Amino acid sequence: MRLQQATRLALYSVLVLARDPTRQLAVAEIADGYDISIHHLAKVLRTLGRAGLVEAVRGVGGGYRFTGNAKRVTVFDVISLFEDVANPAPDDHDVLTPAARALGLILAEIDEHAVATFRSVSISTMLKIIERTSQRATADRSKGSEAQDSLDLS
Amino acid sequence: MAVARALASPHEDAALSIRPARAEDIAAVSELDAAITGLAKPAYWRDLFERYGTRRQDQRFFLVAESDGEFLGFAIGEIRAWEFGAPPCGWLFAIDVKPDARLTGVGTALFHALCERFRAAGIDKLRTMLARDNHLMLSFFRSQGMMAGPSIQLEMALDDP
Ligand SMILES: CC(C)(COP(=O)(O)OP(=O)(O)OC[C@H]1O[C@@H](n2cnc3c(N)ncnc32)[C@H](O)[C@@H]1OP(=O)(O)O)[C@@H](O)C(=O)NCCC(=O)NCCS
């Protein structure tokens, strides 16, 4: 499954802001590390703002901060602001033949799983997954460098 | 009591303890299940206690959470080996917390206690299965770190030849 760029940016923004709801980040700071236009990201943040998930802080050092409830807002809540995962429209040019209906059944099965997954993962659960995976990556790296050290020593 | 508990953060409830279920807990277990599912099945719970609370106690765990002697919830799990060829793993197949005791860490404490039992038995994998529209339970399991496993569950109606 692929999410549109705006959707992914929205999720990344929510995650970076939710990590510390007391902190505000400028659009340029949020964009840091992603190869995207500030203009595009600003548009995404305005949509998140209208949904009450982030708030624009004006003035010097202004930016955005997270205003949602990380334990209750789910990945689905963010995604569904940008795309329709729950009810993808059938392709207009598809005539409803028995084959198209059969394919529709299988695709609906996949969509139901996707939606159930997105709905069950809260922003705070995502933050825990990020922490776990980065800890694992650090551990792997240090194991790798230990192996490298022992190689160097030998 | 319920109010004090609702205000307390999970780890402040020092009185919270998790222990193996006893026969006298089964009325409360059955009552909690009936309140949640709307279906009273005391004989089923007595039978489940008989099987999971008294036999093969090195592989079957029927746990109860209580605070100051008050029943707050329960969890049941067992070690299943070679099901569909899979190496032994721990299955959690029931967990329920009384509505007025929820969101204070009782579910998490039961979950961890069950994981601890499985770990002590040398098991390194926990599994469960639930309806995909059960958002509450799914969110709970995900918050504990569970992710989709490698199995896919399939079914078909048998009345349709
Ligand atoms: C799911 C259940 C076991 C959770 O028990 P609990 O004691 O409330 O759980 P905890 O307080 O330990 O919560 C742990 C995490 O689960 C998640 N969670 C719990 N309730 C939630 C809710 N209503 N909405 C979203 N997430 C929730 C949260 O991430 C929570 O972490 P947080 O407190 O940091 O937000 C309980 O709600 C329950 O018994 N529900 C009914 C279960 C049922 O229907 N059983 C029958 C089939 S077996």
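Student: How do the residues of the shell around the ligand divide into nonpolar, polar and charged?

Tutor: In this predicted model, the shell is made up of nine nonpolar residues, seven polar ones and four charged ones.

Student: And which residues come nearest to the ligand?

Tutor: There are 20 residues around the ligand, and those that come nearest are B:Asp96, B:Val97, B:Leu103, B:Gly107 and B:Thr108.

Student: Which chains does the site draw on?

Tutor: The residues that surround the ligand come from chains A and B, so the site is shared between chains.

Student: What polar atoms are placed close to the ligand's oxygen atoms, starting with B:Val97?

Tutor: A polar backbone atom of B:Val97 is 2.7 Å from an oxygen atom of the ligand, and a polar backbone atom of B:Leu103 is likewise 2.7 Å from a ligand oxygen. A side chain also takes part in this list, since an N or O atom in the side chain of B:Ser143 is 3.4 Å from an oxygen atom of the ligand.

Student: How much of the ligand does the protein bury?

Tutor: The ligand exposes 940 Å² when it is taken alone, and the protein buries 79% of that area.

Student: Where does the space taken by the ligand rank among the pockets?

Tutor: That space is the second largest pocket. As for what builds the surroundings, the elements giving two or more residues to the shell around the ligand are β4 (89-97), α4 (106-120) and α5 (135-143), which belong to chain B.

Student: Which element gives the largest share of the shell?

Tutor: The largest share comes from α5(B), which provides five residues of the shell around the ligand.

Student: Back to B:Leu103 for a moment. Where is it in chain B, and is it buried or exposed?

Tutor: B:Leu103 is placed in the loop between β4 and α4 of chain B. With a relative accessible area of 74%, B:Leu103 is over the 50% cut-off and therefore counts as exposed. That value takes only the protein chains as cover, and it should be read alongside the statement that B:Leu103 is one of the residues that come nearest to the ligand.

Student: What is its phi?

Tutor: The phi of B:Leu103 is positive, at about 65°, although the residue is not a glycine. For context, most residues other than glycine have a negative phi.

Student: What about B:Arg56, what is its phi and where does it sit?

Tutor: B:Arg56 is not a glycine either, and its phi is positive at about 40°. B:Arg56 is located in the loop between α3 (42-52) and β2 (60-67) of chain B, and its relative accessible area of 47% makes it partly exposed.

Student: Moving along to β2, is B:Phe61 buried or exposed?

Tutor: B:Phe61, which belongs to strand β2 of chain B, is buried, with a relative accessible area of 9%. Its C-alpha lies 8.6 Å from that of B:Ala21, and the two residues are 40 apart in sequence.

Student: And B:His112, where is that one?

Tutor: B:His112 is part of helix α4 of chain B, and at a relative accessible area of 47% it is partly exposed. Between the C-alpha atoms of B:His112 and B:Gln144 there are 8.9 Å, with 32 residues separating them along the chain.

Student: Let's switch to chain A. How many helices and strands are there?

Tutor: Chain A has six helices and two strands, and along the sequence they follow the pattern α-α-α-β-β-α-α-α. Of the 154 residues in chain A, 32% are buried.

Student: Is A:Ser122 buried or exposed?

Tutor: A:Ser122 is buried, at a relative accessible area of 8%, and it is found in the loop between α5 (98-120) and α6 (123-153) of chain A. Its side chain is joined to that of A:Thr125 by a polar contact of 3.1 Å.

Student: Last one, where is A:Gln4?

Tutor: A:Gln4 is in the segment before α1 (5-18) of chain A, and its relative accessible area of 45% makes it partly exposed. The C-alpha atoms of A:Gln4 and A:Ala139 are separated by 32 Å, and the two residues are 135 apart along the chain.

Notes: Residues are numbered from 1 along each chain as its sequence is written. Chains are lettered from A and ligands numbered from 1 in the order in which they are written. This is a predicted model: local features need pLDDT of at least 70, side-chain atom pairs count only at pLDDT 80 or more; totals for chains, interfaces and linings use all residues. Side-chain values use heavy atoms; hydrogens and water are left out. A residue is near a molecule or strand if one of its heavy atoms lies within 4 Å of it. A polar contact is a pair of N or O atoms within 3.5 Å; within protein, one must be able to donate a hydrogen and the other to accept it, and residues adjacent in sequence count only if both atoms are side-chain atoms. Accessible areas come from the Shrake-Rupley method with a 1.4 Å probe; for residues, only the protein chains shown count as cover. On a 1 Å grid over the protein atoms alone, a cavity is a set of points where a 1.4 Å probe fits but cannot get out, and a pocket is an open set with protein on both sides within 12 Å along at least five of seven lines; lining residues have an atom within 4 Å of a point. A molecule sits in a cavity or pocket if more than half of its atoms lie within 2 Å of its grid points. Helices (H or I, at least four residues) and strands (E, at least two) are DSSP runs, numbered from the N terminus. Ala, Val, Leu, Ile, Met, Phe, Trp, Tyr, Cys and Pro count as nonpolar, Asp, Glu, Lys and Arg as charged, and the others, Gly among them, as polar. Buried means under 20% relative accessible area, exposed over 50%, partly exposed in between (1.4 Å probe, protein chains only).
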